[in-house]
Amino acid sequence: TPPQSGPKEDQSKTSNRRYGGAYVYGKELAKPGYYMEGRMRASKTAMSAAFWLMSEPKPCVETPNNRERSELDIQECVGVLTGELGDAWTKDDWAVKSNWDRIFHFNTHRHTTWECYTGEQQTVGGKTNFVKKNSEEFHVYAAYWYEDGLRVDFFIDGEFVKSVTPAVQFTAPLRLIMSSNFYDWIEEVTSEEMGFTRTLEDRSTKFDWVRVWKLED
């Protein structure tokens, strides 16, 4: 299967992407009150390495989305960052300055949806950096989604990092996803620069395990 277009690209045209990724998702939906963690290491490529959750691909007015299109990112990064300061595609240098190849990056997103919420995307999250690159070592990335949907705590390797209050109460059940794909803001350069001439092992994002459970008193 040829690589598909990114969500912001013209879907009527054939994609000019040379590489594509994949994702694996859970059969059951996670709900408020759950703690979720996964031990992951990014590939040594420009592809993303992501551990995240998203509401069902249905109109927000339908069950179970609770009139919202919600996303909870426990971790998203890249294994190789090819951009440099001054490149037009690096979002005003944010990705370069944030060291996206050695970052713990987490977010809660309230997405625009034509049926229920027509405002701008609302994002509340945070980040911190590692000494080594995401592709060089495994970390345990985790989040506790509070029962009332008003708070998400993020953890790295068992240590608390930050508590986030989403822009809107997170009550819609979410699908847990493990993925490796191209961010649509990343520009393709040479295969060597992006890491695609490396071994299959180096081109693979690795998950040792994922655990999810509901906390009880």
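# Exercises on a predicted model

Asparagine 107 sits in strand S5, which spans residues 103-110. Keep in mind as you work that this is a predicted model.

## Exercise 1: Around asparagine 107

Work out whether asparagine 107 is buried or exposed, and find what its side chain pairs with.

*Solution.*
Step 1. Start with the strand: asparagine 107 belongs to S5, residues 103-110.
Step 2. Check the accessibility. The relative accessible area of asparagine 107 is 8%, and the cut-off for buried is under 20%, so asparagine 107 counts as buried.
Step 3. Look for a polar partner. The side chain of asparagine 107 makes a polar contact of 3.3 Å with the side chain of histidine 105.
Step 4. Now skip the neighbours within four places in sequence and see what else asparagine 107 is in contact with: the list is Glu71, Leu72, Asp73, Glu76, Thr123, Val124, Gly125, Gly126 and Phe154.

## Exercise 2: A salt bridge between two strands

The structure holds 10 salt bridges. Take the one between arginine 211 and glutamate 37 and say which parts of the chain it ties together.

*Solution.*
Step 1. Get the distance: N to O, the two side chains meet at 2.7 Å.
Step 2. Place both ends. Arginine 211 is in strand S11 (residues 206-214) and glutamate 37 is in strand S2 (residues 34-41), so this pair ties together parts 174 residues apart in sequence.
Step 3. Compare the surroundings. Arginine 211 is partly exposed at 39% relative accessible area, whereas glutamate 37 is buried at 8%.

## Exercise 3: Two further salt bridges

Find the partners of aspartate 153 and aspartate 202, and give the closest N and O distance for each pair.

*Solution.*
Step 1. For aspartate 153, the partner is arginine 151, with the closest N and O atoms 3.0 Å apart.
Step 2. Add accessibility to that pair: aspartate 153 is buried, with 4% relative accessibility, while arginine 151 is partly exposed at 35%.
Step 3. For aspartate 202, the partner is arginine 198, and here the closest N and O atoms are 3.9 Å apart. That still makes the cut-off, since a salt bridge needs the nitrogen within 4 Å of the carboxyl oxygen.
Step 4. Arginine 198 is partly exposed, with a relative accessible area of 39%.

## Exercise 4: Arginine 41 and its network

Which residues are linked with Arg41 in a network of salt bridges? Once you have them, trace the other contacts of arginine 41.

*Solution.*
Step 1. Locate the residue: arginine 41 is in strand S2.
Step 2. Pick out the network, which links Arg41 with Glu201 and Lys206.
Step 3. Zoom in on one pair. The side chains of arginine 41 and glutamate 201 also make a polar contact, at 3.3 Å.
Step 4. Widen the view. Leaving out residues up to four places away in sequence, arginine 41 touches Asn134, Ser135, Glu136, Glu137, Phe138, Glu201, Thr205 and Lys206.

## Exercise 5: The second largest pocket

Describe the second largest pocket by its space, its lining residues and the classes they fall into.

*Solution.*
Step 1. The space in this pocket comes to about 250 Å³.
Step 2. There are 15 lining residues, and those closest to the centre are Gly21, Ala22, Ser179, Ser180 and Thr205.
Step 3. Ask where the lining comes from. Strand S1 (22-30) and strand S10 (174-180) each contribute at least two residues.
Step 4. Sort by class: the lining has 8 nonpolar, 6 polar and 1 charged residues.

## Exercise 6: Backbone oddities in loops

Find the cis peptide bond at proline 64, then look up phi for asparagine 99 and aspartate 157.

*Solution.*
Step 1. The cis bond joins threonine 63 to proline 64, with omega about 10°. Proline 64 is in the loop between strand S3 (48-54) and strand S4 (70-78).
Step 2. Asparagine 99 has a positive phi, near 55°, without being a glycine. Its place is the loop between helix H1 (94-97) and S5, and asparagine 99 is partly exposed at 22%.
Step 3. Aspartate 157 is also not a glycine, and its phi is positive at about 55°. Aspartate 157 is in the loop between strand S8 (152-156) and strand S9 (159-164), partly exposed with a relative accessible area of 41%.

How values were computed: Residues numbered from 1 in each chain as written. Predicted model: local features only at pLDDT ≥ 70, side-chain atom pairs only at ≥ 80, totals over all residues. Heavy atoms only, no water. Helix = DSSP H or I, 4+ residues; strand = E, 2+ residues; numbered from the N terminus. Buried < 20%, exposed > 50% of the residue type's maximum accessible area, 1.4 Å probe, protein only. Polar contact = N/O pair within 3.5 Å; in protein donor to acceptor, adjacent residues only side chain to side chain. Contact = heavy atoms within 4.5 Å. 1 Å grid on protein atoms, 1.4 Å probe; cavity = no way out; pocket = protein on both sides within 12 Å on 5 of 7 lines; lining within 4 Å. Points joined across faces, edges and corners; volume = space filled by probe spheres on them. Nonpolar A, V, L, I, M, F, W, Y, C, P; charged D, E, K, R; others polar.
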